[in-house]
Amino acid sequence: MPAPVDLRRGLSTALTVLFGVLIASEIAVLVAVSDQWSILGDFQDGKFISYKKADDADDFAMGMSVINFFVVVAVAIVWAVWFRRLRLNAEVFAPGQHRFTPGWAAGAWFTPVVNLWFPKQIANDIWRASSPQGPQAAKRGLLNGWWVTLIVGQVIGMVASIRYEVANTKMEDGDIDSEKEAMDTIDSMHSALGASMFSSCVLIAAAILGLLLVRQITTMQAERATLPPQSGPAPYGPSGGLPYGAPAGQPYPNQPYGGAAPYGQQYGGQQYGGGPGTPPPAPGQQAPGQQQYPYGSGPAGY
């Protein structure tokens with residue numbers, strides 16, 4: 001027996017609150033980094049900048065980054081638990097039609113390299129299975145927008161952080177041989193901070209889309225739970241068998257055997273010797289025009 005659908009909203013509510021905190025912390029990081037960027041720009045323009053002002057800006061940016069880090073960790077943990085629950089619910093909606101186990105739904109986020117695409121594939125499977133209107137109507141604009149902004153923001157932020165730390169370490173160690181090299185290093189730090197600001201803007205957008213995504217998928221699964229599950233396993237994708245994640249008894253276009261009626265009601269078509277909508281033969285009888293083959297001697301696929 002499949003496990004019952006878990007529609008408790010505690011985790012989704014916690015994620016909604018955490019995403020609000022995350023957005024606030026990302027805005028604080030953006031403000032702190034923009035302060036650093038402005039100070040370096042003034043220095044490049046030849047304006048006097050006191051060491052205290054520069055140190056205060058660096059300390060503020062460091063403090064906001066630490067706070068943001070702990071918020072991100074909290075979001076990641078709650079998200080992984082919540083995402084695994086979504087995957088378990090999706091298994092009830094569309095049994096046997098998912099590419100990864102529920103364990104991967106949580107673990108894929110923390111596994112290097114594969115976390116660049118495994119979570120998105122799992123999310124696609126969950127989204128299609130959870131669509132109350134059927135998988136063909138599962139528009140993934142919100143899901144795709146969230147994933148793209150998340151990956152782009154993280155990659156740009158990581159590259160900018162590495163670039164800034166390399167240049168800053170070079171300045172602090174005094175590994176500078178000329179005034180031109182010093183200005184080039186400061187310019188590198190300035191541009192890295194600019195990229196970091198852009199990353200923060202993208203991650204703020206990702207957090208907003210993530211909050212909307214939590215609300216959307218929670219609503220979808222609550223509505224999908226009122227419909228019957230798909231009967232029996234089917235191949236992945238709409239190319240054969242029942243459409244991926246389709247609720248049993250629901251009509252879908254382009255049915256593979258010429259029928260346009262709900263699955264489980266008509267199974268006619270030319271392949272079975274009749275026209276579209278022809279009912280299947282009774283057990284033990286041969287359909288009109290259908291050639292019988294001894295078991296194992298027919299053409300491939302029989």
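These legends go with close-up views of the cavities in a predicted model.

**View 1. Two enclosed spaces in the model.** The search turns up two cavities of 30 Å³ or more. The largest has a volume of about 90 Å³, and the second largest comes in at about 80 Å³.

**View 2. Around the largest cavity.** Here's the lining: Asp6, Leu7, Arg8 and Arg9 from one stretch of numbering, Trp82, Arg85, Leu86 and Asn89 from another, plus Ile217, Thr218 and Gln221. Two elements, α2 (51-93) and α6 (179-224), give two or more residues each to this lining. The largest share belongs to α2, which puts in four residues.

**View 3. A mixed wall.** What classes of residue line the largest cavity? It's a blend: four nonpolar, three polar and four charged residues. Among the residues to look for are Asp6, Arg8, Arg9 and Arg85, along with Leu7 and Trp82.

**View 4. Around the second largest cavity.** Trp79, Trp82, Phe83 and Leu86 show up in this lining, together with Ala123, Ile126, Trp127, Leu143, Leu213 and Ile217. At least two residues each come from α2, α4 (118-130) and α6. Once again α2 turns up as a main supplier, giving the most to this lining with four residues.

**View 5. A nonpolar wall.** How does the lining of the second largest cavity divide by class? The split is 10 nonpolar, no polar and no charged residues. Aromatic side chains to pick out in this close-up include Trp79, Trp82, Phe83 and Trp127.

**View 6. Residues that line both cavities.** Trp82, Leu86 and Ile217 are found in the lining of the largest cavity, and Trp82, Leu86 and Ile217 also line the second largest.

Conventions
Residues numbered from 1 in each chain as written. Predicted model: local features only at pLDDT ≥ 70, side-chain atom pairs only at ≥ 80, totals over all residues. Heavy atoms only, no water. 1 Å grid on protein atoms, 1.4 Å probe; cavity = no way out; pocket = protein on both sides within 12 Å on 5 of 7 lines; lining within 4 Å. Points joined across faces, edges and corners; volume = space filled by probe spheres on them. Nonpolar A, V, L, I, M, F, W, Y, C, P; charged D, E, K, R; others polar.
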